[in-house]
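Trainee: I should like to understand how the terms used to describe a protein model are justified. May we go through them one by one?

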Amino acid sequence: MQEIILPNTGAPGELSTQRAAETLPKEETLLPPTDDVKPKRQSRNNNNNRKKARNFNQIHSKPLPLETYPLPAFHPSNPISLLRLCYTFLLHTFYPPSSHILSVDGYPAHFSLSTRSVHVTDPAAVKALWEMGFFGKGSLSRSEPTWLERERELQRQARAGGGKGGFTAAEAVTRQRREERRLFKLERARVEREGIERQRAVERGELGVEEVLQGDEGAGGQSLPTPPPDNLEHESKGDRGEAVDSELLDPLLAQAESMPLLSSASTGPPNNTTLLSPDKAAARVSIHELEQAAPDIKNQEHLQLTLVEAFFLSYALGVLDITVPPPDQTDTQTTKTVPHLPPLDLLNLFAKTSATTKTPPTGPSPLEPPTIAINSHPLHARAVSHAIATAPLLRDPTSTTLKVPFTAAPLTPQPEALVPQPAFTNPNNPFLLSYITYHHFRSLGWVIRPGAKFGVDYLLYNRGPVFSHAEFGVLVIPAYTDTYWSSTAEGRKAREAERGRDWWWLHCANRVQSAVHKTLVLCYVDVPAPLSGDDDSDGGKEWDVKALLSRYKVREFVVKRWLVNRSRD
Amino acid sequence: MADADEHVIPRSGPLPEDIDLSEETQDFRFLAAISNEDAKIPKRGEKDFEPHATALQSNTLAASRQAMHNALSFQRVHQPKGYTTATYHPESNMAYAYNPKGPLFARMGQVLPGKDDPLGDDELRGNRLWLLPEEVLYLVERGTLDVRWPADDEDEDDRGLPMSVQGAYAMFIGDEESHNHALTFERYSVYSGLKRMGYTVQRAPSWDTPGPPSGSECYPPLPQRTWQPGLFNIGHWWKTWFAGIPGDLAKEHSSDQLVQPGLYRSYADIYRRLALIDYYDPMARHLPSEAETPSTDAGFRVTYHIWKPGSQTFKKSAPGIPDFRIAVVDGRATSVPTLEQLGALMDTVPYAPPKEDGQLYQKVRHGYKNVILAIVDQGVVSYLRIGDAGFGREKLYERKVRGFGGKRGGGRGGGGRGGRGRGR
């Protein structure tokens with residue numbers, strides 16, 4: 001059975017490790033008594049075992065996977081600089097270097113229909129695409145493809161008998177921090193409990209007030225332990241055992257906003273051995289003990305590019321060479337590959353892939369429609385609950401004749417009819433709308449990445465995820481100002497999705513963004529009228545991608561909650 | 001390295017600027033502590049999450065409850081000096097009062113000129129203050145105003161029957177259908193909420209009509225010169241010699257990709273070649289030659305102009321420029337506005353650009369025009385400030401990264417490759 005891998009989800013391996021960590025004792029059991037009530041402050045600076053900090057400025061110095069050749073600086077006081085300048089200029093004139101020198105034929109990638117994404121496996125290409133522009137996501141990692149590195153670390157650590165080693169992979173560092181945080185919370189809860197016990201004892205008359213004061217001073221005069229000196233991350237959930245939900249997401253205090261650089265990789269404290277659940281660690285150790293020599297791990301991970309990113313790299317920059325398997329083959333066979341597709345065909349392919357909910361006739365069926373659906377139209381929960389409430393009482397509970405009215409408004413804007421159409425006759429395609437927004441913000445210089453984590457379509461970063469938090473979350477909303485959409489029947493059908501966007505949805509999105517210190521941006525994409533496909537044998541060829549894309553217009557609005565109380569002065 | 005946003009969800013609570021105290025349960029113990037001398041805002045106490053079975057906790061709880069009861073059981077009295085009577089005028093659905101005293105009336109009501117006064121231009125016209133339906137309703141609810149029905153002949157004194165709060169609601173909101181469909185319960189909720197907070201609220205010109213044509217304040221000012229610095233700067237003329245060979249001169253134009261392989265001196269050149277999508281530029285709109293009435297949708301119009309409570313510039317005769325513009329939206333009857341609705345609404349709002357030298361994020365968040373939508377959902381009001389962001393005007397690739405590219409001569413060379421220094 002083919003494994004279903006949905007793009008842009010966290011790695012399954014990650015979740016299981018975290019769940020295993022949750023089976024460690026919860027906060028109700030007290031820690032073994034220690035002499036020092038305060039938790040040990042992990043000194044992050046003098047840790048000899050950690051790896052050298054990675055210099056993100058150097059690694060990510062190029063914003064796009066292209067090479068530029070600026071002329072050297074000219075200092076009027078230094079005559080040699082003038083010679084250097086002239087030499088470089090003449091060299092560039094007679095032997096002009098190419099901007100695409102890093103990817104002469106384009107980085108190889110292949111299109112995968114089952115995952116609706118484009119996979120890149122070549123290690124040089126993966127590295128280049130991530131480092132220069134933050135494209136794509138590692139399929140077994142959180143974002144940067146670090147699976148191989150993490151596997152090697154684990155191996156090394158197991159061979160060294162569980163010795164200390166500095167992790168640089170993001171996932172391991174995060175695990176470490178969460179563990180520390182959890183221990184800190186247990187400590188804090190314990191101190192609080194002791195305070196309450198003392199209070200109760202005072203009231204029962206067992207303990208005099210003087211002894212309570214002495215006890216307080218003995219404990220260092222502090223009522224709560226201070227948190228670990230991690231200026232990058234603070235959680236302050238309640239002391240209840242909602243460990244599973246909150247541990248999956250790593251929170252951050254407001255003052256950390258002012259720190260633009262995240263040196264998370266450079267601060268990896270050493271005790272990693274307690275992180276793995278006992279059985280998993282034992283399994284690894286036993287397997288690796290058997291093989292004495294260091295085996296070479298085959299990299300199981302690939303870089304997953306969304307269709308939008310892949311089209312941008314291939315069409316706008318020209319650095320990606322996408323091979324598309326013909327429809328009569330499964331993805332794994334590569335006996336016959338189609339030659340390089342021209343951009344218009346690639347656009348049509350991606351548009352078709354995004355638009356259809358039914359799979360093409362050949363090939364496996366990877367995505368099941370959601371369970372509450374009629375004819376693949378997912379229904380709004382309100383419609384279903386209303387139908388259930390008003391449905392007549394069924395005598396036989398096993399009968400399946402619950403009728404949900406077909407006119408219930410669909411949950412999300414539904415794609416066009418199941419017959420895929422070329423892009424220029426159907427400009428209301430979700431792929432095109434996403435791509436227009438993506439290209440717009442990329443061409444302004446933003447680093448734009450998928451934003452499903454925070455319930456939006458895209459996140460905008462100034463330089464990249466490693467440098468600072470995203471400042472904006474973008475929601476793409478199609479707009480139909482052209483008269484075609486209000487006058488014809490197809491146009492009106494396409495506009496029905498507008499009614500589905502209600503104020504509750506917008507308020508939810510806004511609240512989530514303000515909770516994570518981002519600003520919500522509504523990006524209205526004005527969809528042009530479809531071109532008539534009368535002579536699409538000729539007309540299709542005349543329109544190139546550039547002309548198709550320039551028919552769209554984009555307008556952004558920034559949404560912020562306005563507080564009556566706070567705007568009074 | 002981590003995908004930084006994984007850490008961002010702060011369970012420590014909202015930012016200080018996002019805390020809306022009206023949504024929190026108040027601790028009334030602090031009311032007793034406030035005296036006239038030091039009227040500071042008291043700190044909020046610590047929150048307990050579960051009962052501890054300590055006497056300390058239960059005593060604290062009892063004290064807080066008692067303080068709340070004390071605060072709520074305070075008896076409100078009306079001073080005889082401030083007692084005001086108004087008379088209801090059925091035809092115009094307003095009420096009028098003669099010389100009402102009190103600080104509230106400094107900012108509410110208006111004296112109508114002779115031709116507008118429904119009762120005619122008699123000798124009492126100058127003292128007659130006309131109050132709009134929402135104003136009357138607010139005052140009646142508050143208790144400062146006593147509205148009477150019009151006097152009949154068989155009344156004992158010259159005053160009619162007193163109007164109850166229910167009657168006031170029925171007349172001023174319920175009976176609007178017969179008048180001009182303008183005061184709905186949603187609009188009244190917003191009005192009373194803002195008044196209670198201390199704002200001065202007045203009806204906007206587009207209260208029940210599309211409103212007057214947008215004047216020149218709604219459009220950006222015309223540029224003073226035809227050429228601006230940056231187009232051709234004398235200091236940089238020599239750099240144009242070294243601009244390099246653009247790629248698409250070297251090869252023939254093919255539609256395979258936007259950025260052709262070639263020699264580029266800087267990433268800014270590459271980004272300029274990527275510019276393909278048409279975006280809305282808020283500074284490019286200009287005053288149309290002939291004034292046209294705004295094409296705003298009835299559900300999305302500016303309803304109120306409000307001034308801040310401490311505003312020194314507000315005078316009833318010359319209100320001046322409002323601090324905020326509120327558009328009341330019925331949350332149940334409308335959905336998220338379409339581009340036409342939002343665009344038309346934005347057209348009626350004056351142009352208020354951010355500071356030129358501001359930071360990038362502040363400039364984009366401030367926007368070039370803004371309006372506040374008050375979305376009312378069965379009496380619960382939520383305010384959203386919508387700003388017309390001009391992302392297209394802020395080109396990130398043109399921003400000089402701090403730390404290099406400072407010197408004039410070295411600017412060209414350093415600007416190309418990325419380097420150390422704090423990116424912004």
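Mentor: Let us begin with helices and strands, which are DSSP runs numbered from the N terminus: a helix needs H or I over at least four residues, a strand E over at least two. The model is predicted, so that local features need pLDDT of at least 70 and side-chain atom pairs count only at pLDDT 80 or more, while totals for chains, interfaces and linings use all residues. Residues are numbered from 1 along each chain as its sequence is written, chains are lettered from A and ligands numbered from 1 in the order written, and side-chain values use heavy atoms, with hydrogens and water left out.

Trainee: What makes up residues 69-149 of chain B, by those rules?

Mentor: That span is 17% helix and 23% strand, and its end C-alpha atoms lie 37 Å apart. An unreviewed UniProt entry lists these residues as "domain: tRNA-splicing endonuclease subunit Sen54 N-terminal"; such annotations may be inferred rather than shown by experiment. Chain B has 10 helices and 10 strands, and chain A has 19 helices and 12 strands.

Trainee: Why is A:C523 called buried?

Mentor: Buried means under 20% relative accessible area, exposed means over 50%, and partly exposed lies in between (1.4 Å probe, protein chains only). A:C523 has 0%, which is under 20%, and therefore counts as buried.

Trainee: Why does A:C86 count as partly exposed?

Mentor: Its relative accessibility is 38%, between the two cut-offs, and A:C86 is therefore partly exposed. Over whole chains, buried residues make up 47% of the 569 residues in chain A and 40% of the 424 residues in chain B.

Trainee: How do you know how many disulfides there are?

Mentor: A disulfide is a covalent bond between the sulfur atoms of two cysteines. The rule applied here asks for a pair of cysteine sulfur atoms within 2.5 Å. By that rule, the count over all chains is 0.

Trainee: Which residues carry the annotation "active site"?

Mentor: The unreviewed UniProt entry gives A:Y461, A:H469 and A:K518. These residues span 58 residues in sequence, yet no two of their C-alpha atoms are more than 10.8 Å apart, so they gather at one spot.

Trainee: Are A:Y461 and A:H469 buried or exposed?

Mentor: A:Y461, in strand β9 (residues 458-461) of chain A, has 1% relative accessibility and is therefore buried. A:H469, in the loop between β9 and β10 (472-479) of chain A, has 9%, which is also under 20%, so A:H469 is buried.

Trainee: What makes β3 and β5 of chain A edge strands?

Mentor: Two strands pair if DSSP finds at least two bridges between them. An open sheet of 5 strands in chain A has the order β3-β4-β2-β1-β5, with mixed pairing. Strands β3 (137-138) and β5 (320-323) of chain A each pair on one side only, and are accordingly the edge strands.

Trainee: How do you know that β1 and β2 of chain A pair?

Mentor: Strand β1 (residues 107-112) and strand β2 (residues 117-120) of chain A are joined by 3 bridges in the antiparallel sense, which satisfies the requirement of at least two. One of the bridges links A:F111 to A:V118 in β2(A).
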